[in-house]
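Please look over the sequence and the structure below before reading the briefing that follows. The points are grouped by topic, so that each part can be checked against the picture.

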Amino acid sequence: ALQALAYLTVMGKSGLKQVAELCLQKAHYARMTLGSVPGAELVFDGPHFNEFVLRLRKPVLDLFRRLGHSFEPGIRLNRWYPELADCLLVAVTEVNRKQDIDNYALRLRDWLND
C-alpha cells in the first residue's frame with residue numbers, strides 16, 4: 001500500500017492519466033498485432049482497456065513449456081473458465097515496448113507454425 005501511495009504521489013493526476021493512455025494505446029497495438037498471427041484468434045470484440053483474450057489453435061500449456069520462464073505470454077484461463085482452455089488473457093502495461101510486442105508476435109507465429 002505504501003509503495004502504491006508513493007507511486008501515485010510521484011505520478012500525480014496528469015501523470016496517471018498519461019500512463020493510462022499509454023497502456024490503452026499499447027494494448028490496442030498488441031491486440032491488433034497478436035490477433036493477426038495465423039493460428040491466433042481474438043475471442044471478444046467488445047471494448048477493452050489493457051487486457052484481451054486470445055484463442056490459440058495449439059494447446060496453451062505447450063506455449064508455456066516452449067517459452068519457459070523467460071517470457072510471460074499471458075494467463076491461462078482454464079482454471080477459472082474451462083470453456084476457454086485454449087485461451088490466454090494477455091495484459092499490456094506501460095512497461096511493454098513496441099519491440100516486446102513485435103517479438104511476442106514473432107515467437108507466437110513461430111510456435112504456431114511448428
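In what sense, parallel or antiparallel, do strand S2 and S4 pair, and over how many bridges? In this predicted model, strand S2, which covers residues 51-56, runs antiparallel to S4, and the pairing extends over 5 bridges. The protein chain as a whole contains 3 helices and 4 strands, and along the sequence these elements follow the pattern α-β-β-α-β-β-α.

**The chain as a whole**

- The protein chain has 114 residues, and buried residues make up 31% of them.
- Taken along the principal axes, the C-alpha atoms of the protein chain fill a box of roughly 45 × 30 × 25 Å.
- Among the contacts in the protein chain with a separation of 6 or more, 60% come from residues that are 24 or more positions apart.

**The sheet, strand by strand**

- The 4 strands form an open sheet in the order S1-S2-S4-S3, and the pairing in this sheet is antiparallel.
- The edge strands are S3 and strand S1, the latter covering residues 40-42, and each of these edge strands pairs on one side only.
- S1 and S2 are joined in the antiparallel sense over 3 bridges; within this pairing, Ala 40 has Leu 56 in S2 as its bridge partner, while Glu 41 has Arg 55 in S2 as its bridge partner.
- The pairing of S2 with S4 can be followed through two of its residue pairs: Leu 54 has Leu 88 in S4 as its bridge partner, and Phe 52 is matched in S4 by its bridge partner Val 90.
- On the other side of the order, strand S3, which covers residues 75-76, pairs with S4 in the antiparallel sense over 2 bridges, and the bridge partner of Ile 75 in S4 is Leu 89.
- When tracing such strands in the picture, it helps to know that in a regular strand the side chains alternate between the two faces of the sheet.

**The largest pocket**

- Rolling a probe the size of a water molecule over the atoms shows where empty space is left.
- The largest pocket holds about 250 Å³ of space.
- The lining of the largest pocket consists of 15 residues, and those that lie nearest its centre are Glu 72, Val 90, Ala 91, Asn 96 and Tyr 104.
- Helix H1 (2-35), strand S4 (87-91) and helix H3 (98-112) each contribute at least two residues to the lining of the largest pocket.
- Sorted by class, the lining of the largest pocket has 11 nonpolar residues, together with 2 polar and 2 charged residues.
- Val 90 therefore appears in two parts of this briefing, as the bridge partner of Phe 52 and as one of the residues nearest the centre of the largest pocket.**Two histidines compared**

- His 28 lies in helix H1, whereas His 48 is found in the loop between S1 and S2.
- These two histidines, His 28 and His 48, are 20 residues apart in sequence, and their C-alpha atoms are 8.5 Å apart in space.
- Is His 48 buried or exposed? His 48 counts as buried because its relative accessibility is 16%, which is under the cut-off of 20%.
- His 28, by contrast, counts as partly exposed, because its relative accessibility of 41% falls between the cut-offs of 20% and 50%.
- Leaving aside residues up to four places away in sequence, His 48 touches Leu 24, Ala 27, His 28 and Arg 31.

**Cysteines and disulfides**

- Cys 23 counts as buried, because its relative accessibility is 5%.
- Cys 87 is also buried, with a relative accessible area of 0%.
- The count of disulfides in this model comes to 0.

**An exposed loop residue**

- Val 95 is located in the loop between S4 and H3.
- Val 95 counts as exposed, because its relative accessibility of 61% is over the cut-off of 50%.
- Val 95 and Gly 39 are 56 residues apart along the chain, and their C-alpha atoms are separated by 27 Å.

Technical notes: Residues numbered from 1 in each chain as written. Predicted model: local features only at pLDDT ≥ 70, side-chain atom pairs only at ≥ 80, totals over all residues. Heavy atoms only, no water. 1 Å grid on protein atoms, 1.4 Å probe; cavity = no way out; pocket = protein on both sides within 12 Å on 5 of 7 lines; lining within 4 Å. Points joined across faces, edges and corners; volume = space filled by probe spheres on them. Nonpolar A, V, L, I, M, F, W, Y, C, P; charged D, E, K, R; others polar. Pairing = 2+ DSSP bridges. Disulfide = S-S within 2.5 Å. Buried < 20%, exposed > 50% of the residue type's maximum accessible area, 1.4 Å probe, protein only. Contact = heavy atoms within 4.5 Å.
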